[in-house]
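Colleague: I have a structure open and would like to learn how to read its features. Could you take me through it, starting with the general idea each time?

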Amino acid sequence: MGIDQGNYSPHVLKKIVFAGTQHPSFAQGSAALAMLAGLAVATKQVERVTEKIGRERVEQRDRAVEEFRKVPLMTRCASPIPHPPDLAVVEMDGGRLQVLNRG
């Protein structure tokens with residue numbers, strides 16, 4: 001379609017996407033960019049950039065999930081620690097235990 005995505009630096013793109021996702025509307029995101037960052041970015045441009053990068057992130061997530069699902073179950077459940085201990089102890093501190101004596 002040839003919709004202009006602008007020639008923004010990665011730093012500015014990050015600000016646009018943040019403003020586009022953290023405000024109730026793209027218009028408010030555009031206004032926040034003008035007020036807080038001194039960036040004049042049109043509302044429609046905030047929408048386009050935010051949605052484009054959002055789609056890219058969803059695709060990245062979907063690819064990562066698919067790759068994770070291909071890994072065997074025993075590998076997925078393996079400990080991230082090279083040599084995990086054979087025994088773990090869990091203790092409870094009863095110092096704050098309150099008992100009501102209705103006697």
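Modeller: Happily; we will go through helices, burial, the core and salt bridges in turn. This is a predicted model, where local features need pLDDT of at least 70, side-chain atom pairs count only at pLDDT 80 or more, and totals for chains, interfaces and linings use all residues. Residues are numbered from 1 along each chain as its sequence is written, and side-chain values use heavy atoms, with hydrogens and water left out.

Colleague: How many residues does α3 have, and what span does it reach?

Modeller: Helices (H or I, at least four residues) and strands (E, at least two) are DSSP runs, numbered from the N terminus. The expected span of a helix is 1.5 Å times one less than its number of residues. Here α3 has 28 residues and reaches 41 Å from its first C-alpha to its last, close to the 40 Å expected.

Colleague: Which residues of α3 are buried?

Modeller: Buried means under 20% relative accessible area, exposed over 50%, and partly exposed in between (1.4 Å probe, protein chains only). In α3 the buried residues are Q45, V46, V49, T50 and I53. They pack against α1 and α2 (26-37), where contact means heavy atoms within 4.5 Å. For contrast, H11 in helix α1 (residues 10-22) is exposed, at a relative accessible area of 54%.

Colleague: Which residues make up the largest nonpolar core?

Modeller: A nonpolar core is a set of buried Ala, Val, Leu, Ile, Met, Phe, Trp, Tyr and Cys residues joined through side-chain atoms within 4.5 Å. The largest one has nine residues: V12, I16, V17, A19, L33, V41, V46, V49 and I53. Two or more of these come from each of α1 and α3 (43-70), and α1 gives the largest share, four residues. One core member, A19, touches G29 and L33, leaving aside residues up to four places away in sequence.

Colleague: How many salt bridges are there?

Modeller: A salt bridge is a side-chain nitrogen of Lys or Arg within 4 Å of a carboxyl oxygen of Asp or Glu. By this rule there are three. K44 and E47 meet at 3.3 Å, N to O, K52 and E56 at 2.9 Å, and the closest N and O atoms of R61 and D62 are 2.9 Å apart.

Colleague: Why are K44 and E47 about one helical turn apart?

Modeller: An α-helix has 3.6 residues a turn, so residues three or four places apart point the same way. K44 and E47 are three residues apart in helix α3, while K52 and E56, also in α3, are four apart.
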